[in-house]
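Me: Please give me a close look at one part of this model, and then set that part in the context of the whole chain.

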Amino acid sequence: MLLELFIREHPSYMKDKKSLKSFNTFGIDVFAKDIISISHDDDIMKFLSSSKKQYPFYVLGDGSNVLFTKDYDGIILKMETKGIEIVSQNKEKALVKAKAGEDWDTFVRYCLAHNFCGLENLALIPGKVGSSPIQNIGAYGQEVKNFITKVYAISVLDMSFCTFINKDCQFGYRTSIFKQAQKGRYIITDVEFMLTIDGVPDITYKDIQNHLSATAPVKAQDVYNAVSYIRSVKLPDWKVLGNAGSFFKNPVVSVTHFTELKNKYPFLKAYPVEKDKCKMSAAQLIDISGWKGKRIGDAGVHVNQPLVLINYGNAKGKDILNLAKQIQNSVYDLSKIKLEIEVNIK
Ligand SMILES: Cc1cc2nc3c(=O)[nH]c(=O)nc-3n(C[C@H](O)[C@H](O)[C@H](O)COP(=O)(O)OP(=O)(O)OC[C@H]3O[C@@H](n4cnc5c(N)ncnc54)[C@H](O)[C@@H]3O)c2cc1C
């Protein structure tokens, strides 16, 4: 009834669909009923208590981990809330809280400028702070779960304000409670991080070590610079070639399974993750399945980084997904490993 009233009062609401092309890093040209900018937490409350809530809605940061396969028959809530607060600090540690709509890399640079260390390995990951817990972003030997103390959110069911401490978030490899059991049930408003003041950076990742000078003491800023350089060389710029970073997760398999494959393909790499299990490189599996650099129309596999699927111009989300399925089938035929998609499919 409320919805009918709303549509009667706003007759053009259903007709003036909004393009999402510039709201997803794949550059997929689909439409939503509307895009509402969330620049204050109150905007979330207003939306949830309005008649518009009767439409399906989807929260979007920068759309760098989403593949739209069709028009979205609902409303996009675009997170634009801003603010960074130093909650407390002593000689060793700082507790810093950021609004969900803050740009992730801007936040990492803010922390470095204040000598708050830890996030430097996660330099240049596209997206917003509020999205960082969703898939527990990770790169170059670190994951954001190692620094998050609390995630603040609004429940979409009853509009209550909720606080999740680190262990409530059920963080795992590219996942959390917000991507699994409680998917879509909370709108994250703020994230709080515990960082080390003047901390010793993590340079266990080989690429970082190779890039740093052997003698000078390494500072967090050096790691940030090294990671930024490596990323800019290795990964395609989504502003030039639409993509969402790694499309698949690296598969975790039994050591026995890996050993069988390694007998056939001696160059395959893996590293131990838990007892009797190891994590393999999905990029290598895609490569030996013959997909590196392949293209079907405007949907393709990057020439240097086979984990990254590309929109070469006018690919539709379905074309990218179809390519992904073909890759999954080839990898399965070759290795009996089912690659899991990391990107959110809408
Ligand atoms: C070139 C490139 C490189 C990348 N490299 C990495 C990498 O190294 N490591 C890595 O982990 N990821 C990487 N990614 C993936 C992506 O950057 C991250 O997953 C990022 O955190 C997504 O942020 P976003 O704001 O764009 O989220 P979006 O894509 O907008 O949203 C992702 C999901 O989170 C949900 N969501 C977003 N904000 C909220 C909120 N406030 N409350 C509730 N739900 C929300 C959305 O509904 C959606 O399901 C890369 C992507 C690209 C394009």
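The part I would like described is the shell around the ligand, followed by the domains, the nonpolar core and a few single residues.

Reply: This is a predicted model, in which local features need pLDDT of at least 70 and side-chain atom pairs count only at pLDDT 80 or more, whereas totals for chains, interfaces and linings use all residues. Residues are numbered from 1 along each chain as its sequence is written.

The ligand is surrounded by 32 residues, of which Gly-61, Gly-127, Gly-130, Ser-131 and Gly-245 are the closest; a residue is near a molecule if its C-beta atom, placed from the backbone, lies within 6 Å of it. Two or more residues of this shell come from each of strand S3 (57–60), strand S9 (138–139) and strand S13 (186–197), where helices (H or I, at least four residues) and strands (E, at least two) are DSSP runs numbered from the N terminus. The largest share, three residues, belongs to S3. By residue class, the shell holds 16 nonpolar, 14 polar and two charged residues, with Ala, Val, Leu, Ile, Met, Phe, Trp, Tyr, Cys and Pro counted as nonpolar, Asp, Glu, Lys and Arg as charged, and the others, Gly among them, as polar. Because domain 1 (2–79) and domain 2 (84–234) both give residues to the shell, the ligand lies between them.

The domain assignment, whose bounds come from an automatic or database source, adds domain 3 (252–345) to these two. The C-alpha centres of domain 1 and domain 3 are 33 Å apart, yet ten residues of domain 1 are in contact with nine residues of domain 3, contact being defined by C-beta atoms, placed from the backbone, within 7 Å of each other. On the side of domain 1 that touches domain 3, six residues are nonpolar, three polar and one charged.

Taken as a whole, the protein chain has eight helices and 20 strands. Its radius of gyration is 21 Å, close to the 20 Å that the globule rule gives for 346 residues, so the chain is as compact as a globular protein of that length; the radius is taken over C-alpha atoms, and the rule is 2.2 Å times the number of residues to the power 0.38. The C-alpha trace spans about 65 × 55 × 35 Å along its principal axes. Of the contacts with a separation of 6 or more, 61% are between residues 24 or more positions apart. Of the 346 residues, 39% count as buried, that is, with 20 or more other C-beta atoms within 10 Å of their own, against 12 or fewer for exposed residues and partly exposed in between, the C-beta atoms being placed from the backbone.

The largest nonpolar core has 85 residues, and Leu-195 and Leu-309 have the most contacts inside it; such a core is a set of buried Ala, Val, Leu, Ile, Met, Phe, Trp, Tyr and Cys residues joined through C-beta atoms within 7 Å. S13, with six residues, gives the most to this core. Leaving aside neighbours within four places in sequence, Leu-309 is in contact with residues including Asn-243, Phe-247, Val-301 and Leu-323.

Asn-243 is in the loop between helix H5 (220–234) and strand S14 (252–254), and its 26 C-beta neighbours inside 10 Å make this residue buried. Beyond four places in sequence, Asn-243 touches Thr-25, Phe-26, Pro-236, Trp-238 and the run Val-308, Leu-309, Ile-310 and Asn-311. Asn-311 is part of strand S19 (residues 309–311) and is likewise buried, with 25 other C-beta atoms within 10 Å. The C-alpha atoms of Asn-311 and Asp-298, which are 13 residues apart along the chain, are separated by 5.8 Å.

Two further residues flank S9, the strand that also contributes to the shell. Asn-136 is in the loop between strand S8 (116–117) and S9, while Tyr-140 is in the loop between S9 and strand S10 (142–143). Most residues other than glycine have a negative phi, but Asn-136 has a positive phi of about 45° and Tyr-140 one of about 50°. Both count as buried, Asn-136 with 21 C-beta neighbours inside 10 Å and Tyr-140 with 20.

Terms used: Two residues are in contact if their C-beta atoms, placed from the backbone, lie within 7 Å.
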